[in-house]
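Colleague: I would like to learn how to read a structure like this one. Can we take the features in turn?

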Amino acid sequence: DPLEFRRVLLKGHPRHLGVMELAAAKAGWGSPMAAGRGRGIAVHESFNSYVAQVVEVTLHDNKSFSVDRVVIAVDCGIAVNPDVIRAQMEGGMGYGLAAALSSKITLIDGGVAQSNFHDYTVLRIDQMPAVEVHIVKSEQPPSGVGEPATPVIAPAVANALYQASGQRLYALPLQLSA
């Protein structure tokens, strides 16, 4: 179980464990998923903030998939402005999800082929999953919330896809093989 595996690895890291346990509990970790659906988890620390995400995905007949739900737990010390923290978690996750799903830079003759958003795909509103943000009550000094949600989403999606499809994916953007 991915959660149990991380619990063992993160012994002695209470803030990592705290956000992971909160995200898992709020996401209903361990509850059964329908066929063609998967759940993945990842945890990260940067700027003295700790973020865990649980992702739910659905596989589609044409080997595509959708990210349906993301549960985020964040420990950023004392929550000075919870609304800003939620917005930063949602925005950072969305930015990272774009990289996980579609954003790609290609080089041709040493130059970047993409020139703007018409050929550098960012997350569209219809691709945004349902998002829940849970803030850990903390007495630690306030810390950064601008970027810590970004690097967590791709591994969480990859883990959910593995659970749903049995395929391990190692490159972005994530694509299932036929």
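Modeller: Yes. Keep in mind that this is a predicted model. Start with His134, which is placed in strand S6, residues 130-135.

Colleague: Is His134 buried or exposed?

Modeller: Buried means under 20% relative accessible area. His134 has 18% relative accessibility, so it counts as buried.

Colleague: Which residues does His134 contact, leaving aside neighbours within four places in sequence?

Modeller: They are Leu22, Lys26, Val71, Ile72, Ala73 and Val74.

Colleague: Now the nonpolar cores. What is the general idea?

Modeller: In soluble globular proteins, nonpolar side chains tend to be buried together. Here, the largest nonpolar core has 32 residues. Val55, Met89 and Val157 have the most contacts inside it.

Colleague: Which elements each supply at least two residues of this core?

Modeller: Two strands, S2 (49-59) and S3 (65-75), and two helices, H3 (82-101) and H4 (150-165). H4 gives the largest share, nine residues. Another core, of 14 residues, lies apart from this one. Leu10, Ala23, Tyr50 and Val54 are among its members.

Colleague: What does Val55 touch, not counting residues up to four places away in sequence?

Modeller: Its contacts include Val67, Val70, Ile153, Ala156, Val157 and Ala160. Gly38, Arg39, Gly40 and Arg69 also touch Val55.

Colleague: Last, the rings. How many aromatic pairs does the structure hold?

Modeller: Zero.

Colleague: Which residue lies over the face of Tyr162?

Modeller: Arg168 does, at 3.6 Å from the ring centre.

Key:
Residues numbered from 1 in each chain as written. Predicted model: local features only at pLDDT ≥ 70, side-chain atom pairs only at ≥ 80, totals over all residues. Heavy atoms only, no water. Phe/Tyr/Trp six-rings, centres within 6.5 Å; stacked < 30°, edge-to-face > 60°. Lys NZ or Arg CZ within 6 Å of the ring centre and 35° of its normal. Helix = DSSP H or I, 4+ residues; strand = E, 2+ residues; numbered from the N terminus. Buried < 20%, exposed > 50% of the residue type's maximum accessible area, 1.4 Å probe, protein only. Contact = heavy atoms within 4.5 Å. Core = buried A, V, L, I, M, F, W, Y, C linked by side-chain atoms within 4.5 Å.
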